[in-house]
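Here is a report on one protein chain. Keep the sequence and the structure open as you read.

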Amino acid sequence: MHLDRQSVSRLGDRLLFPDLEGSAYLAHAAISPLSTPVAERIAEVTRDYGRGGMAGFVRWAPRLQQVRRDLAALISAEPSEIAFIANTTQGVIDIAFGLPWRKGDRVVLFDGEFPANVTPWQQAAEEFGLELCWLSLDAFHDSVDAGLADLERALDRGVRVVAVSAVQYKTGLRMPLAEMAALCHKYGAEIFVDAIQALGATPVDVSWGIDYLSSGSHKHLMGAEGAGFLYVAERCAATLKPRLAGWLGHEDPAAFLMGDEPRLRYDNPLQRGAQALEIGTSNVIGLAALGASIELLRQLGVPAIHAHIDAYLDQLEAGLVERGFISHRAKVPALRSTLLSMAVPHDVRLSKLGAALRERGVVCNTPDGLIRFAPHWPNAHDEVPKVLAIMDEALAALRGRV
Ligand SMILES: Cc1ncc(COP(=O)(O)O)c(C=O)c1O
């Protein structure tokens, strides 16, 4: 296949983001800007639906199946294990309300997780009489062994599910998913992973033993908001009992819309596993955008993207430490993601620093008391000295020195 320059992704090259303003976009852990190929894919869908309504649907339905295959390949799953959903939270809700709970079942959660992976479990706990067991993430920050030992103690009491993010949104800690999954299975528990802070930039592979995984597409996957996917391992499909289902969840759900004879019925069984959770028509525009973005990510490969960003963050972290910031980046490389979070110097107000950087063309985030930098493949390494110079200007302005 011939790829023109406008659809080739190159590490450290912003060419595919011609509308991106400012010197450095470091907020991929919040929302990614849209590349030209992604924006063009959205325009293509819009044109097709504008021209032909149903004809647009007919053209894009098979292309969405390719997106399903691409998503499956990204995490080493089978396409039948993937359901299209609206966002990460929907996937958490689907599983929290889809497991065949028994009163008193325990769910392990981690204190400090993004609320998307907490609220649905709290709701399910109220509804089904579950016990939530909170573990601290601090132990994992101290050492993987200490974190896993905490987890094992909890599992030993009897746990049904452990819910965890692949990468912690606040500190960027990359959780040791393979080790956690192995422990869960040793004690008869399952593991649910919120993967939105990892996918696209930090490798995740469901063959590590992940049972369920949910993600939206607007962060490191570099797609648009409102389109995501849920993975349900084939081995878990039979136990899932969706309490929330819709017309597309049945076997052969659209048969009554085609053919010569009336065939409408309401008692077709639900499909098994992930596909039962596709409740109604999908976000075709968002999923097509995600498909275009995955094509760009695949050209580079997630391990190469991760290494590129890691080298960028090495430089940025060193420069910020020199300026009095305190790094929350894991010391052990295996626990690092593509997020760098720092505590700001004591004489600086975090929100004011975020705003001062934004005004000067450096976009980053300030979640829960830390400043967080999240570059991606288009960020060039030679951008870092510029970011540090802008940081110096912003700090000087806040300290009243300019
Ligand atoms: C770890 C994590 N999970 C989930 C979300 C967002 O969830 P959703 O895709 O449902 O909006 C975020 C957003 O910042 C996040 O950091």
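The sections below go from the whole chain down to single residues.

## Confidence in the model

This is a predicted model. The chain averages a pLDDT of 96. A score of at least 70 is reached by 98% of the residues.

The elements of the chain vary in mean pLDDT. Helix α5 (residues 138–142) has the lowest, at 89. Strand β5 (residues 161–165) has the highest, at 99. Where pLDDT is low, predicted coordinates should not be read in detail.

## Two domains

The chain is divided into two parts. Domain 1 covers 11–29 + 301–398, and domain 2 covers 51–296. Their C-alpha centres lie 29 Å apart. Domain 1 puts 26 residues into the contact between them, and domain 2 puts in 22 residues.

## The nonpolar cores

Which residues touch the most other members of the largest nonpolar core? They are W121 and L213, in a core of 123 residues. Helix α9 (residues 284–300) gives the most to this core: eight residues. Both domains take part, as the core draws at least three residues from each of domain 1 and domain 2.

Look at W121 in detail. Beyond its neighbours within four places in sequence, W121 is in contact with V92, I95, A96, W101, V107, L109, L132, V161, A163 and F192. There is also a second, separate core of five residues. Among them are V38, A224, A289 and A292.

## Helix α2

Start with length. Helix α2 (residues 54–74) has 21 residues, so at 1.5 Å a residue it should span 30 Å. Its end C-alpha atoms are 30 Å apart, which agrees. Helix α2 also has a kink of about 30° at W60, shortly before the proline P62.

Now look at which way its residues face. In α2, the buried residues are G56, W60, L64, V67, R68, D70, L71 and A72. W60 is thus both the site of the kink and a buried residue. The buried residues of α2 pack against α1 (36–52), β2 (82–85), β8 (228–232) and α9.

## Helix α3

How many of the nine residues of helix α3 are buried? Seven are, so helix α3 (residues 88–96) is largely enclosed by the rest of the structure. The buried ones are T88, Q90, G91, V92, D94, I95 and A96. Three of these names, V92, I95 and A96, also appear in the contacts of W121.

Several elements cover the buried residues of α3. They include β2, α4 (119–128), β6 (190–194), β7 (212–216) and β8.

## Buried residues in strands

I191 lies in strand β6. Its relative accessibility is 0%, so I191 counts as buried; the cut-off is under 20%. Setting aside residues up to four places away in sequence, I191 touches V162, V164, M180, A181, C184, G209, I210, D211 and Y212. G400 is 209 residues from I191 along the chain, and their C-alpha atoms are separated by 50 Å.

V232 is found in strand β8. V232 counts as buried because its relative accessibility is 2%. Apart from neighbours within four places in sequence, V232 is in contact with E81, I95, D211, Y212, A237, L240, G273, A274 and L277. Take the last of these: V232 and L277 are 45 residues apart in sequence, yet 9.9 Å apart in space, C-alpha to C-alpha.

## Residues in loops

Is S32 buried or exposed? S32 is buried, because its relative accessible area is 6%. S32 lies in the loop between β1 (24–25) and α1. Not counting residues up to four places away in sequence, S32 touches H218, K219 and M222. R263 is 231 residues from S32 in sequence, and 44 Å from S32 in space, C-alpha to C-alpha.

S76 sits in the loop between α2 and β2, just after α2. At 41% relative accessibility, S76 counts as partly exposed. Its phi is near 60°, a positive value in a residue other than glycine. D368 is not a glycine either, and has a positive phi of about 50°. D368 is found in the loop between β11 (362–363) and β12 (371–373).

Methods:
Residues are numbered from 1 along each chain as its sequence is written. This is a predicted model: local features need pLDDT of at least 70, side-chain atom pairs count only at pLDDT 80 or more; totals for chains, interfaces and linings use all residues. Side-chain values use heavy atoms; hydrogens and water are left out. A nonpolar core is a set of buried Ala, Val, Leu, Ile, Met, Phe, Trp, Tyr and Cys residues joined through side-chain atoms within 4.5 Å. Buried means under 20% relative accessible area, exposed over 50%, partly exposed in between (1.4 Å probe, protein chains only). Helices (H or I, at least four residues) and strands (E, at least two) are DSSP runs, numbered from the N terminus. Domain bounds come from an automatic or database domain assignment. Contact means heavy atoms within 4.5 Å. pLDDT is the predictor's confidence in each residue, from 0 to 100. The expected span of a helix is 1.5 Å times one less than its number of residues. The bend at a residue is the angle between axes fitted to the seven residues ending there and the seven starting there.
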